[in-house]
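Here are my notes from going through this one, in the order I looked at things. Have the viewer open while you read.

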Amino acid sequence: MLVARRLGAFCLGAIFALGQAPFDLWALALVALVGVLRLVRLDTSARSTGWTGWFFGTGYFAVSMHWILEPFQVDAATTGWMAPFALVGLAAGLALLWAVAFWAGRRMHPGPVGIALCWAGIELARAYILTGFPWGLVGYVWAPTPVAQWHSLIGPHGLTLLTLLLAALAAGVTKARTVKFGLIALAGIVGMWGGGSAMAPPVQDLTGRPIVRLIQPNAPQHQKWDRDFIPVFFNRQVDFTAQLPKPDLIVWPETAVPNLLDNAGPALEVIADAAAGTPVVLGIQREQEGRYYNSLITLDAAGQVGDLYDKHHLVPFGEYMPAASFFARFNILGLAARAEAGYSSGPGPALIDLGTVGRALPLICYEAVFPQDVNGAPTRPDMLLQITNDAWFGINAGPQQHLAQARLRAIEQGLPMIRVANTGISAMIDPAGRTVGAIPLGRAGFLDVPLPSKRAPTLYSRTGDWFAFAALIVAFATLLIRKRRNSIDRDALGA
């Protein structure tokens, strides 16, 4: 019986993962979420409930993040052996956080509400601790639905809390409480759906808006730095840049130029000539005093560098190695490392000036995963601008989940998002998270697309994650007060 429950929890977690891109089976995922909160009713202790949470989390993260296998296959002879350890380690490690949530929730309250609150708290913590990793948050299950518009009010963690509380209500349905709990849960979902639909702004008339050219060279990672292919991909981007008619802005993807910035003068002149007066944004690497940076620059009509931005939120074990000297003894190096400890981080969020197009908050790859980083802009920009190289993650789940999160950042801020990816998906996203135009995965090409205008600042852009944090504090306090009152009443009856 115990083995069957553990296997059932793992399978429910795997089904819950189908709510994420590219599957987007959100209804099935919600059934799995309610299912695991009903399954814990069979556990006889907090420890057993914690194990249920761990098996559920392991199934979820193993399926939703199976794309983590892809980077290790780029140089399979060197790093391929790490792939299964990376998937198992990532899934089992992240599942420990959910195990703690299930264990603590059961200790706090015998029903599913305690688990829901602790789970939401752990998801909030996951976005911050150890540099944070808020990939695949529970609330992201709503990404393909109108409910995603709630991100503009309560953010991803507020929506995660609301989702888990509604699932807890549905899981608490019994013969005696079917009408009460069932109707509340159903009304909550209908309200979230209807409210989200009402919050979505109408589709904009984009006549007269600035035209942005998205450049997608489609350089597979195993060929990207091959000497024989470097000129192919570079010239492809130059050719796309030179096409007529000229747009108002041209954007190349992350690390699009094969030279370090200090040695890239001739390449930048070629790009400027092809752009023929149109400003260009592009990704490039640079070195300064022995430190390497993953950077973004703006290029003017003369091929001169205008603004410079260095990526500040780096990928652990990818762009830099914690305890690099120790891991080097075992020949374990960062996948994108150029030096012993990989890239160095930049000073933090900053805006770049794109002239008549407006001011943009640059996000390089991984940085678009973090709502708090986007909220950390020094002043409100006119747009978000993400450049990325998702070739590391193949042409399936990884890039599609990355795009889905970019859409949510646009909703949270009420800002359009320019997204340019080496192998796709490059897209223009409006402030409601709608895709205005896109270049599919695995295809080389360019797209001229109008830039939507920004909305008024959203509530989430003003408050960040403080709403979710405060709501959790109030909910925890309410639950503990009720628990204490019930305990006092039982003691009084016993007396």
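1. Let's start with a hairpin, and keep in mind that this is a predicted model. Strands β10 (residues 426-429) and β11 (residues 435-439) run antiparallel and are joined by 4 bridges. For a register check, look at S426, which stands opposite I439 in β11. The two strands of the hairpin have 5 residues between them, and in that turn G433 takes a positive phi of about 80 degrees.

2. Next, the open sheet. Its 6 strands come in the order β5-β4-β3-β2-β1-β12, with mixed pairing. At the edges sit β5 (305-310) and β12 (445-450), each of which pairs on one side only. On average, neighbouring strands here are turned by 30 degrees against each other, if you ignore direction.

3. Inside that sheet, have a look at β2 and β3 (residues 280-288): they pair in the parallel sense, over 2 bridges. I250 has V280 in β3 as its bridge partner. Helix α10 packs on the sheet and touches β1 (211-216), β2 and β12. The direction of α10 makes about 160 degrees with that of β1.

4. Between α10 (230-242) and β2 (249-251) there is a loop, and L244 is in it. Is this leucine, L244, buried or exposed? L244 has a relative accessible area of 70%, and the cut-off for exposed is over 50%, so it counts as exposed. If you want a distance to check, the C-alpha atoms of L244 and A275 are separated by 9.7 Å, with their positions 31 residues apart along the chain.

5. A quick geometry check on helix α3 (residues 46-64). How far apart are its end C-alpha atoms? They are 27 Å apart, and that agrees with the span you should get from 19 residues at 1.5 Å a residue, namely 27 Å. As for its surroundings, α3 is mostly covered, since 14 of its 19 residues are buried. While you have a helix on screen, a general reminder: an α-helix has 3.6 residues a turn, so residues three or four places apart point the same way.

6. Last, the cysteines. How many disulfides does the structure hold? The count is 0. Two cysteines to look at are C11 and C118. C11 has 37% relative accessibility, which lies between the 20% and 50% cut-offs, so it is partly exposed. C118 comes out at 10%, and because that is under 20%, it counts as buried.

Technical notes: Residues are numbered from 1 along each chain as its sequence is written. This is a predicted model: local features need pLDDT of at least 70, side-chain atom pairs count only at pLDDT 80 or more; totals for chains, interfaces and linings use all residues. Side-chain values use heavy atoms; hydrogens and water are left out. The expected span of a helix is 1.5 Å times one less than its number of residues. Buried means under 20% relative accessible area, exposed over 50%, partly exposed in between (1.4 Å probe, protein chains only). Two strands pair if DSSP finds at least two bridges between them. Axes are lines fitted to C-alpha atoms, for helices over the stretch in contact, and angles run from 0 to 180 degrees between N-to-C directions. Contact means heavy atoms within 4.5 Å. A disulfide is a pair of cysteine sulfur atoms within 2.5 Å.
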